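Let's take a walk through this structure, one stop at a time. Keep the 3D view open and turn it as you read.

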Amino acid sequence: MQGGVSGFQNAPVTRAVVLASGLLSVVFSAQRRARALVLSYQGIVKNFRLWRIFASGFAFQSTPELLFGIYLLYYFRVFERQIGSNKYSVFSLFTISVSLLLEILSLVLLKDTNYLSTLACGPYGLIFASFIPFFLDIPVTSRFRIFGVNFSDKSFIYLAGLQLLLSSGKRSLIPGICGLIAGSLYRLNVLGIRRMKMPQVIAAFFARFFAPSSGGSSRPSRSLVGNMSSRTSRAAQNHQPSGFAPVVEPPESSIAMLVSMGFDGNAARQALMRARNDINTATNILLEAQTR
């Protein structure tokens with residue numbers, strides 16, 4: 001299953017998270033200080049080492065965790081393309097923060113037991129929170145069988161998540177559950193979080209320093225999306241069905257499917273509306289707009 005066009009096009013926040021996670025993991029591993037990253041009641045609550053909270057929210061302790069984690073972060077960049085970098089930065093900050101708070105709370109509640117003393121480090125909150133929209137919004141586009149077992153194009157993402165969830169036993173299981181809870185809270189729009197946006201200066205920072213360069217430009221031009229939308233409008237006129245039937249708002253699953261192919265979310269929505277929610281016609285509209 002593809003996560004859209006290759007690279008970090010239209011996904012500067014994801015690129016920043018992947019770079020931070022990879023660099024911190026490599027640095028702490030090279031200095032043989034990976035063990036210092038784990039969350040523990042002694043290090044966080046008693047000694048109040050705030051740097052551990054930040055570092056443990058991004059750096060993985062082992063190479064297998066790093067590989068699976070980076071792979072999932074890279075794949076889930078499709079959601080940044082779908083909702084936009086500003087809202088995705090809110091989603092990332094909210095899920096990482098809530099997940100870390102829940103993890104610290106679990107350490108406090110279990111401090112007098114022998115069940116758990118440390119938790120695995122890494123952006124488990126963001127990764128497993130992303131499984132909520134992945135499960136609800138990304139449709140299954142193909143199914144197949146291997147040795148008599150049914151699979152879909154989403155199965156390998158679930159398997160990668162399961163591997164990461166169980167990579168360190170209960171030490172990684174609890175952070176993963178906390179991430180799922182954080183993703184569910186965001187989905188339920190707790191405190192109106194889904195309507196919040198980052199200040200424009202922060203959004204401009206990510207766009208300037210973490211957006212991949214294209215054709216000599218160091219920042220993603222907002223005119224690209226605008227031009228795409230305008231070309232989509234012109235292309236849609238050639239596919240406009242006759243009659244004056246009311247335009248129905250496209251379902252999120254259809255938009256998500258087109259976004260997963262690499263199209264812009266706004267352009268996908270507009271194409272679906274022009275195509276009366278016919279995905280094949282909408283795809284043709286978008287492809288025709290790209291070739292102009």
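Start with α14, whose buried residues are G265, A267, A268, A271 and L272. Look down the axis of this helix and you'll find those buried residues within an arc of 160 degrees, so they line one face of α14. Keep in mind that what you're looking at is a predicted model.

Now follow the chain out of the helix. Just after α14 comes R276, which takes a positive phi of about 55 degrees. This residue is in the loop that runs between α14 (265-274) and α15 (279-290). Is R276 buried or exposed? Neither label quite fits: its relative accessible area is 29%, and because buried means under 20% and exposed over 50%, R276 counts as partly exposed. There's also a link to another part of the chain here: P250 is 26 residues away from R276 along the chain, yet their C-alpha atoms are separated by 8.0 Å.

Next, let's go looking for empty space inside the model. How many cavities of 30 Å³ or more are there? The count comes to one, and the largest cavity holds about 30 Å³ of space. Around that space you'll find G57, I96, S99, L100, E103, G122, P123, Y124 and G125. Sorted by class, that lining has four nonpolar, four polar and one charged residues.

Which helices help build this wall? Both α6 (85-109) and α7 (124-129) supply at least two residues each to the lining of the largest cavity. The largest share, four residues, comes from α6.

How values were computed
Residues are numbered from 1 along each chain as its sequence is written. This is a predicted model: local features need pLDDT of at least 70, side-chain atom pairs count only at pLDDT 80 or more; totals for chains, interfaces and linings use all residues. Side-chain values use heavy atoms; hydrogens and water are left out. Buried means under 20% relative accessible area, exposed over 50%, partly exposed in between (1.4 Å probe, protein chains only). On a 1 Å grid over the protein atoms alone, a cavity is a set of points where a 1.4 Å probe fits but cannot get out, and a pocket is an open set with protein on both sides within 12 Å along at least five of seven lines; lining residues have an atom within 4 Å of a point. Grid points are joined across faces, edges and corners, and a volume is the space filled by probe spheres set on the points. Ala, Val, Leu, Ile, Met, Phe, Trp, Tyr, Cys and Pro count as nonpolar, Asp, Glu, Lys and Arg as charged, and the others, Gly among them, as polar. The arc is that of the directions from the helix axis to the C-beta atoms.
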